[in-house]
Amino acid sequence: MRKICVVTGSRAEYGLLSGLMRLVEESQVCQLQVIATNMHLLPEYGNTYREIEQDGFRIDAKVPMRKPTDDAFGVIASMAEEMYGMNEALRRLLPDVVVILGDRYEMLVAATVAMLQRIPIAHLYGGEISEGAVDDNIRHSITKMSSLHFTSTEEYRQRVIQLGESPGRVFCVGAIGVENLKRVSLMGKEELETSLDFEFDGSTVMVTYHPVTLGTRTSANEIRDFLVALDAFPELRVLFTMPNSDQGGDAIKNAIESYCVAHSNRCKCFTSLGMRRYLSALRHVCAVIGNSSSGLVEAPSAHIPTLNIGDRQKGRTRGASVYDCASSDTASIITGLKTVLSEEFRKIAYRAANPYEKASTAQNIFDVIATCPLDKLQQKSFYNL
């Protein structure tokens, strides 16, 4: 029986992977292994490993990472702790394939350990570009360590091939998060409001703002300008989801918490909504605002506008429902908010196609990782264009 090990370090990433994990678990020819690390195990981020267990999955290994201080040195120290634990976990579990999604620093460690232990890596989603974050460099590094590649668009597939990966190992499958919008049983408005103790109306927006780790401005300055811009729209009700554990994240988190206290009549923040509540909220807000990839990937399939702020997602494919606010200063954000909240732009978003949407994403990934001959994954040659 083929042992397929899924590594997850954040609530958002687990939400994307859960459908694929279920296919592996229910398979007669595969055994699912789960390694939880980083934010899943930190109380500051909601101890979201519990969500994995509540969904009925067994966590085979928990690899702790210290909460990093709000700088590069703290992130590196946290990665060093993870490397030791990941080495022990993979040595004990001995998987046949390790599945890694994305571009975060804890995934770079997992990929490095798996590569050195000569365990083939199946990587979702290489080939993408996000020039405003160190994630860009990490993503391409993981691509070069991986044996199988699953991209969300054909453009990204071609970019992975451009990096020297054999076309026969690179599969364009669409974005798994988009499929979740159709797969997951979503909550109705009343159920969602009760769950969050937060009222949705026609002027409710959802905000996710992450640090721009390669930007020239500090996270504190960026979030300050953003919150000042929100003050220009006192009619908006605002549902905040907190940033990831990147350097600069604490400054954003603290500013949002203070803002929600000062505007408690219309604003509320959550460390983790969980996949079902997050996807359900997309059905009941009038716009997604911030600099998260979800605004470009999942939100368009809910047919709502996205205001994408700054450089964090620069270079990533986007559909017509996304309005780019190239600068993160207050005046530019106000202009962007006026645009995405306008009736004209809402009509555009309602009609717009999502370039990341493709049928049977999780099933197509599973079909490859469950059947691909393992002996052919141990070595690979550089593919010259």
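Two strands are said to pair if DSSP finds at least two bridges between them. The exercises below apply this definition, among others, to a predicted model.

**Exercise 1.** Determine how strand E9 is joined to E10, and identify the partner of Leu239.

*Solution.* Step 1: strand E9 covers residues 237-241, and four bridges join E9 to E10. Step 2: the definition asks for at least two bridges, so E9 and E10 pair, and they run parallel. Step 3: Leu239 has Lys268 in E10 as its bridge partner.

**Exercise 2.** Place E10 within its sheet and state which strands stand at the edges.

*Solution.* Step 1: the order E10-E9-E8-E11-E12-E13 describes an open sheet of six strands with parallel pairing. Step 2: strand E10 (267-270) and strand E13 (322-325) each have a single partner strand, so one side of each is left without a neighbour in the sheet. Step 3: from one strand to the next, the twist averages 20°.

**Exercise 3.** Describe the sheet that contains E1, and find its edge strands.

*Solution.* Step 1: seven strands, in the order E3-E2-E1-E4-E5-E6-E7, make up an open sheet, and the pairing is parallel. Step 2: strand E3 (61-63) and strand E7 (170-172) are the edge strands, since each pairs on one side only. Step 3: the twist in this sheet averages 20° from one strand to the next.

**Exercise 4.** Decide whether strand E1 is largely enclosed or open, and trace its connections to E2 and E4.

*Solution.* Step 1: a residue is buried if its relative accessible area is under 20%. Six of the seven residues of strand E1 (residues 2-8) are buried, so E1 is largely enclosed by the rest of the structure. Step 2: E1 pairs with strand E2 (residues 30-37) in the parallel sense over seven bridges, and Val7 has Ile35 in E2 as its bridge partner. Step 3: between E1 and E2 the chain passes through H1, in a β-α-β crossover that is right-handed. Step 4: E1 runs parallel to strand E4 (residues 97-101), to which three bridges join it; here Ile4 has Val97 as its bridge partner. Step 5: E2 in turn pairs with E3 in the parallel sense over three bridges, where Ala36 is matched with Lys62.

**Exercise 5.** Characterise the largest cavity by its volume and its lining.

*Solution.* Step 1: the count of cavities of 30 Å³ or more is three. Step 2: the largest cavity has a volume of about 860 Å³. Step 3: 43 residues line this cavity, and the closest to its centre are Ala12, Glu13, Leu16, Ser292 and Ser293. Step 4: at least two lining residues come from each of helix H1 (11-26), helix H5 (135-145), helix H7 (176-183), helix H11 (274-282) and helix H12 (294-297). H1 gives the largest share, five residues. Step 5: by class, the lining holds 14 nonpolar, 18 polar and 11 charged residues.

**Exercise 6.** Characterise the largest pocket by its volume and its lining.

*Solution.* Step 1: the volume of the largest pocket is about 370 Å³. Step 2: the pocket is lined by 16 residues, of which Glu51, Asp55, Gly274, Met275 and Arg276 are the closest to its centre. Step 3: H1, helix H2 (49-54) and H11 each supply at least two residues of this lining. Step 4: the classes are five nonpolar, four polar and seven charged residues.

How values were computed:
Residues are numbered from 1 along each chain as its sequence is written. This is a predicted model: local features need pLDDT of at least 70, side-chain atom pairs count only at pLDDT 80 or more; totals for chains, interfaces and linings use all residues. Side-chain values use heavy atoms; hydrogens and water are left out. On a 1 Å grid over the protein atoms alone, a cavity is a set of points where a 1.4 Å probe fits but cannot get out, and a pocket is an open set with protein on both sides within 12 Å along at least five of seven lines; lining residues have an atom within 4 Å of a point. Grid points are joined across faces, edges and corners, and a volume is the space filled by probe spheres set on the points. Ala, Val, Leu, Ile, Met, Phe, Trp, Tyr, Cys and Pro count as nonpolar, Asp, Glu, Lys and Arg as charged, and the others, Gly among them, as polar. Buried means under 20% relative accessible area, exposed over 50%, partly exposed in between (1.4 Å probe, protein chains only). A crossover is right-handed if, with the strands pointing away from the viewer, the path from the first strand over the helix to the second runs clockwise. Axes are lines fitted to C-alpha atoms, for helices over the stretch in contact, and angles run from 0 to 180 degrees between N-to-C directions.
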